[in-house]
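Colleague: I'm a first-year student and still learning to read structures. Please pick one chain and take me through its parts closely, then tell me how it meets its neighbour.

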Amino acid sequence: MSTTITFIIDEVEVKAQKGQTILEAADEAGIYIPRLCAMKDLTPFGSCRVCTVLVNGRPQAACTQPVAPGIVVENNTEKLLNIRKNIIEMLFVEGNHFCMFCEKSGNCELQALAYRLGIDAPAFPYQFPKREIDATHRDIFIDRNRCILCARCVRASRDLDGKNVFQFIGRGPEKRIAVNAQIKLSDTDINLTDKAVDVCPVGAILRKRVGYKVPVGQRLYDHKPIGSEIETR
Amino acid sequence: MEKPKVATTSLAGCFGCHMSLLDIDDRILKLIELVDFDKSPVDDIKEFTGRCLVGLVEGGCANEENVRVLQDFRKHCDLLISVGDCATMGGLPAMRNNVPLKECLEEAFINGPSVYNPSGKVPNDPEIPLLLNQVYPCHEVVKIDYHIPGCPPSADTLWEILVALLNNKPIDLPYELIKYD
């Protein structure tokens, strides 16, 4: 029995394997669905909701929703683009995103999505929350001002590195990333070869002493929008 | 026909956005053919002399004077544009926003490691504009018609937007021209 199924994304017929998520199938078909918490090789998490699509008219996270034969998926519609834009704007005002001096600028997925969605200024009031920095580790630091709670580091450390260095604590606006150690990052066994160090979509977990190495104009999203690498497949 | 007028100001900014405007190089001659400058550091006119088509505002609002100038711009300009990250999101001055104002002032004038201030007091001369409790982006103080992010926005970005507005054309910038850094 064939495991290939077909379904529709924005009036285009897409082939997929049974068990794939809508996001995976779309990627293979060269259709970009914006996402922040989803990342190849990481367990789908469904927290950021940026990849929200309409499946037979109902909103679903494309990163967690499996494909099914004949489903009709809406992705690149004005309504969904506006919802995504609002989510990205909320992430910007909920944290302290000072792009002008951030080491991740130009390579940041949050910033790149804002560029792609055409955000000039968020429609919501800035919160300017007080967030802690942990620079205790020799080679790695955490800047919670930029954290968007995507849990990529949590999943990478747990599933790929087998270490469980990161975990969330708190709820609601107080939710924040914490380390699995007595107090601080330097108390953990994280090191530079860990996958968890490089999965952060923003500048919340960074390597020390390599900032600004790539000049402006040569960074990942300086010339081409995020997602164009999938669309040109 | 009379040329449309443009006004510019720098509130809680560093004048970097104005420098970027000067960076349009020889196109500044074309700009002078297209517009007259009203209140602006470019020609050093201190007060509005009349109605302006476009007001370019660099910097956010950090003190009461910034708010008054911004309100004056809103009153005199048909189109008010936030130019740069300070105007659109507060920028570097907004880094003080998660420290209480009293603590900021005490660090700057009393407790800071390099402070020499025998009076031991925070300056409180009536000539000095009072600081606001935090730094506000312009659109949280008055209505803003367009936002141009960037630190600073590039000269090409400013040029393209000004030319589009002055010719009453829609603003359609290439991907490379909108950046937050």
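**A close look at chain A**

Modeller: Let's begin with one pair of residues: Asp134(A) has Ile142(A), in strand 7 of chain A, as its bridge partner. Keep in mind that what you see is a predicted model. That pair belongs to the contact between strand 6 of chain A and strand 7 (residues 140–143) of chain A, which run antiparallel and are joined by two bridges. Now widen the view a little. Strands 6, 7 and 10 of chain A make an open sheet of three strands, in the order 6-7-10, with antiparallel pairing. At its edges sit strand 6 (133–134) and strand 10 (205–207) of chain A, each of which pairs on one side only. As a bit of background, strands of a sheet pair through backbone hydrogen bonds, and they can do so in a parallel or an antiparallel way.

Just follow the chain away from this sheet in both directions and you'll meet two residues with an unusual backbone angle. Going back, the loop between helix 3 and strand 6 of chain A holds Phe128(A). Phe128(A) isn't a glycine, yet its phi is positive, about 45°. Is Phe128(A) buried or exposed? Phe128(A) has 21 C-beta neighbours inside 10 Å, so it counts as buried; the cut-off for that is 20 or more. Going forward, Tyr212(A) lies in the loop between strand 10 and helix 5 (228–231) of chain A. Tyr212(A) also has a positive phi, of about 60°, without being a glycine. Its surroundings are another story: Tyr212(A) has 12 C-beta neighbours inside 10 Å and therefore counts as exposed.

Helix 3 of chain A, on the other side of the Phe128(A) loop, deserves a stop too. Helix 3 covers residues 109–117, and eight of those nine residues are buried, so the rest of the structure largely encloses this helix. The buried ones are Glu109(A), Leu110(A), Gln111(A), Ala112(A), Leu113(A), Ala114(A), Tyr115(A) and Arg116(A). What lies over them? Part of the cover for these buried residues comes from helix 2 (78–94) of chain A. Right after helix 3 of chain A comes Gly118(A), with a positive phi of about 75°.

Now jump to the start of chain A. Strand 1 (residues 4–9) and strand 2 (residues 12–17) of chain A run antiparallel, and six bridges join them. Ile9(A) faces Val12(A) of strand 2 across this pairing. Two residues lie between the strands of this hairpin, and one residue to look at there is Asp10(A), whose phi is positive, near 45°. Strand 1 of chain A has another partner as well: strand 5 (residues 72–74) of chain A, which pairs with it in the parallel sense over two bridges. Here Ile8(A) stands opposite Val72(A) of strand 5.

Stepping back, chain A contains five helices and 10 strands. Its radius of gyration is 18 Å, close to the 17 Å that the globule rule gives for 233 residues, so chain A is as compact as a globular protein of that length. Taken along the principal axes, its C-alpha atoms fill a box of roughly 55 × 40 × 35 Å. Buried residues account for 43% of the 233 residues of chain A. If you take the contacts in chain A between residues at least 6 apart in sequence, 65% of them link residues at least 24 apart.

Finally, the neighbour. In the contact between the two chains, chain A takes part with 16 residues and chain B with 24 residues. On chain B's side, the elements giving two or more residues are helix 4 (85–89) and strand 7 (146–148) of chain B. Helix 4 of chain B gives the most, with three residues. Sorted by class, that side of chain B has 11 nonpolar, nine polar and four charged residues. As a whole, chain B has six helices and seven strands, and 38% of its 181 residues are buried. One last detail to find on screen: the peptide bond from Cys151(B) to Pro152(B) is cis, with omega near -10°. Pro152(B) sits in the loop that lies between strand 7 and helix 6 (155–166) of chain B.

Conventions:
Residues are numbered from 1 along each chain as its sequence is written. Chains are lettered from A and ligands numbered from 1 in the order in which they are written. This is a predicted model: local features need pLDDT of at least 70, side-chain atom pairs count only at pLDDT 80 or more; totals for chains, interfaces and linings use all residues. Two strands pair if DSSP finds at least two bridges between them. Helices (H or I, at least four residues) and strands (E, at least two) are DSSP runs, numbered from the N terminus. Two residues are in contact if their C-beta atoms, placed from the backbone, lie within 7 Å. Ala, Val, Leu, Ile, Met, Phe, Trp, Tyr, Cys and Pro count as nonpolar, Asp, Glu, Lys and Arg as charged, and the others, Gly among them, as polar. The radius of gyration is taken over C-alpha atoms; the globule rule is 2.2 Å times the number of residues to the power 0.38.
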